[in-house]
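Ready for some practice at reading a structure? Work through the exercises below with the 3D view open, and try each one before you look at its solution.

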Amino acid sequence: MNSLIDSLNPQQRAAVTLPDVSSLILAGAGSGKTRVLTSRIAYLLQNGYASPEEILAVTFTNKAAKEMVSRLSTMVSFNTKYMWIGTFHGLCNRMLHSHHEQAGLPATFTILDQSDQLSTIKRLMKANNVSEDEVSARDIQHFINQRKEEGKRASQVKVLGYLGQLKLQVYQWYEDSLNKEGVCDFAELLLRSYELLSRNEQIRHYYQRRFRFILVDEFQDTNVLQYRWLKLLSGIEDNCERVNAVFAVGDDDQSIYAFRGANVGNMKDFVRDFRVQNPIRLEQNYRSHGNILDAANALISNNSERLGKKLWTDAGRGDPIRVFGAVTDQEEAEFLVDSIKGAIADGVDRKEIAILYRSNAQSRVIETELTRRNVPYKVYGGLRFYDRAEIKHTLAYMRLAENTADDSAFLRVVNFPARGIGAKTIEVLMDVAKNENLSLFDATRLLPKTASQKLSVFTQIIEYLKLAKEQLELPDFVDFTVEKSGLKHFYETEKNSEDKLENILELKSAAQAYLSEEQTDSNNGTDTLSPLAGFLSHASLESGENQAKANEDAVQLMTVHASKGLEFNLVFITGLERGLFPHDSAINDDKNGLEEERRLMYVAITRARKSLYLTYAQQRMMHGLTRYNMRSPFFDELPAQTLKWLTPKEGERSSDRYSCGGSSLMRDYQSAEKSRHYSSNTPTWAKGIVTSKLERDIRRQADAGNPYRQGARISHEKFGPGRITSTRNSGDSHEMTVTFDSGKVLTLLTRIAKNKITLM
DNA sequence: CTCGGTCAGTTTTTT
DNA sequence: ACTGACCGAG
């Protein structure tokens, strides 16, 4: 049994064997965080300090929760089924189902995802004649979610000014609408669960007595409401004779979700509120080599407001961090693939190679190049299974079978597949529903005959589904829904819909998989839910497996955000340009924005075990125009001795690039040279620019005197005659796309091309 | 009512 | 470049 503890380092061991008090574990990147969390639970169980039902462990992602359960089941023989291990949302959902009556919800309440939430807001704005020109629905969605994350209902919100009033008014309508429909959005799950606990003493005391040990993963990502929820469960505010021990694990340096409400300040508040004596620091890194850690430490030290932590390793210096500055994004992609091919030839596993970027839009050039040169790859974070339109349609039918008052689901599919129910009919229906305070479904009966008849085709379907759900096993019910709704027929006859058809048929397997998973480990509290309700929750809360093919032998592409928690032998951080990483919005933002970008960079660097490459391009196509960027200011925050510039660092002579031998460095140099060959014009005049629509318009006007206009016939000394098919301005450069008579299409920089072309 | 074209907006993302 | 929203013609 002590093997559990013996293999830990002193700090890890101190954390795992802490007595029954609240504690903060500052767990640096790669310091064995998950191991400490699971070992702690195992320790409590094996020594009889806790029984399984006294354990509550909260994570942010389903993936992390699953990981914890599976690791735990290899460590202890206790049944994990009696512990509550899950995401904040999952656990709140579980709690609300158990006490739906006290929480003011119907037993059949359904969950709105973000897009459902947005369309509900849009619908309410339209119904109440609030124009999106005044405030966008997105702004209001943001406003509402922020207020909920502060724990505030519409009646508790104070606002200033006309726009504030307007947003608040929509919040109120929205709140009423959710209540009427019996649905919860994501933030609502938390807020309602919080209110349930705070208002109902009996329920609160029950959970307080039960969960003697509360463990929180990624504590730096908690928002204000989540922290208050934890406080309620701990009993710290109830003057209980004994406060439950909260074991909070987090890393303030890896807080990268402030933009969605995460509050790093919770860590300091936690130390104060729970009177944490000595936070434990896990600073020994078991992942990366010295150069990588030095770079990470140096970078992050530029942030103020840190709790302070310095990673160290005994793994040795390792390779230097290699830097490649490309002229174009295309050249950057070519360099990546050159290097990757070399690494693979040296025996590196493809799945041990990661290409990271700041925003998804950057993946395309890289993907194209990987495809062109036959390197298998996998992109993370694309459209998830349950997010696909056809799946959401099918689920909407199922949601209606469960809860006919779910107006979002109703509107999604009332006329899909098309059954002649248009905007006019819906408008009338919504009016009636509003006046009579009925759900859209119930209001269909009250419409004039013709409209009512059209709608009854739809409501009949739902009535059938309601009967069927009682009589069929879940997978068969899915089949029935797909058939009865007309979706199957629709996708069968619609051309180019083979994939969609396959997906909706796949939903049956998803239901089957869900059921069998439930039988083996019922950890999501689905014991209190019907299979259908459980499956619908599952579909809303676990947006679908992106991980399914994680072990495939392919190069891994993902955003830096998506890479958190992962590690690879070879990592490329790409697009390191001012404006991109750090991103424009953060630069223009206050200091906090830049600090979050820096933490993001810190996360990116610490993903690498053995080798790290940093790349950037001076020139990049984005949103249809070419941008010219300076390299990222982060380069200047990394210690020079950890870096190896494969291309000359501007403003400095790079003579050392020939000096250091080694086969792998030579190859870097060769591929750097090779990639460089593709393009030779370095636009030194280019400056980082910000393009807004207004600026674009102004430039377009200023451009009126330019002879190289769209439609003009020109002749190029090399490519012959052609016509300008489009022109673009970006910054102080002007470019044109020319379709030559030969069929060749080229985009030329006017500044350079004008010496080579003549107007015809 | 439906389809097909035009036009604005575009960080990151989990639940 | 790509997507979702909107508008006018059939």
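**Exercise 1.** Sort the surface near DNA strand B by residue class, then find which helix gives the largest share of it.

*Solution.* Keep in mind that this is a predicted model.
- Start with the classes: you should get 8 nonpolar, 17 polar and 6 charged residues.
- Next, look for helices that supply at least two residues each: these are helix 18 (423-436) and helix 29 (693-702).
- Helix 18 gives the largest share, with 3 residues.

**Exercise 2.** Which atoms of N62, A423 and R260 pair up with DNA strand B?

*Solution.*
- Take N62 to begin with: a polar atom of its backbone sits 2.8 Å from a phosphate oxygen of the strand.
- A423 also uses a backbone N or O atom, 3.1 Å from a phosphate oxygen.
- R260 uses a polar side-chain atom, and its partner, 3.4 Å away, is a sugar or linking oxygen.

**Exercise 3.** Find what surrounds DNA strand C.

*Solution.*
- The residues around this strand are K122, R364 and H623.
- Now zoom in on K122: an N or O atom of its side chain is 3.4 Å from a phosphate oxygen of DNA strand C.

**Exercise 4.** Is helix 14 parallel or oblique to helix 15?

*Solution.*
- Read off the geometry: helix 14 (residues 329-345) and helix 15 (residues 363-372) pack at about 45 degrees, with axes 9 Å apart.
- That angle makes helix 14 oblique to helix 15.
- As for handedness, their crossing is right-handed.
- Finally, check who meets whom: A333 and L336 are among the helix 14 residues in the contact, and V365 and I366 are among those from helix 15.

Methods:
Residues are numbered from 1 along each chain as its sequence is written. Chains are lettered from A and ligands numbered from 1 in the order in which they are written. This is a predicted model: local features need pLDDT of at least 70, side-chain atom pairs count only at pLDDT 80 or more; totals for chains, interfaces and linings use all residues. Side-chain values use heavy atoms; hydrogens and water are left out. Axes are lines fitted to C-alpha atoms, for helices over the stretch in contact, and angles run from 0 to 180 degrees between N-to-C directions. Helices (H or I, at least four residues) and strands (E, at least two) are DSSP runs, numbered from the N terminus. Angles under 35 degrees count as roughly parallel, over 145 as roughly antiparallel, 65 to 115 as roughly perpendicular and the rest as oblique. A crossing is left-handed if the near helix is turned anticlockwise from the far one by less than a right angle, and right-handed if clockwise. Contact means heavy atoms within 4.5 Å. A residue is near a molecule or strand if one of its heavy atoms lies within 4 Å of it. A polar contact is a pair of N or O atoms within 3.5 Å; within protein, one must be able to donate a hydrogen and the other to accept it, and residues adjacent in sequence count only if both atoms are side-chain atoms. Ala, Val, Leu, Ile, Met, Phe, Trp, Tyr, Cys and Pro count as nonpolar, Asp, Glu, Lys and Arg as charged, and the others, Gly among them, as polar.
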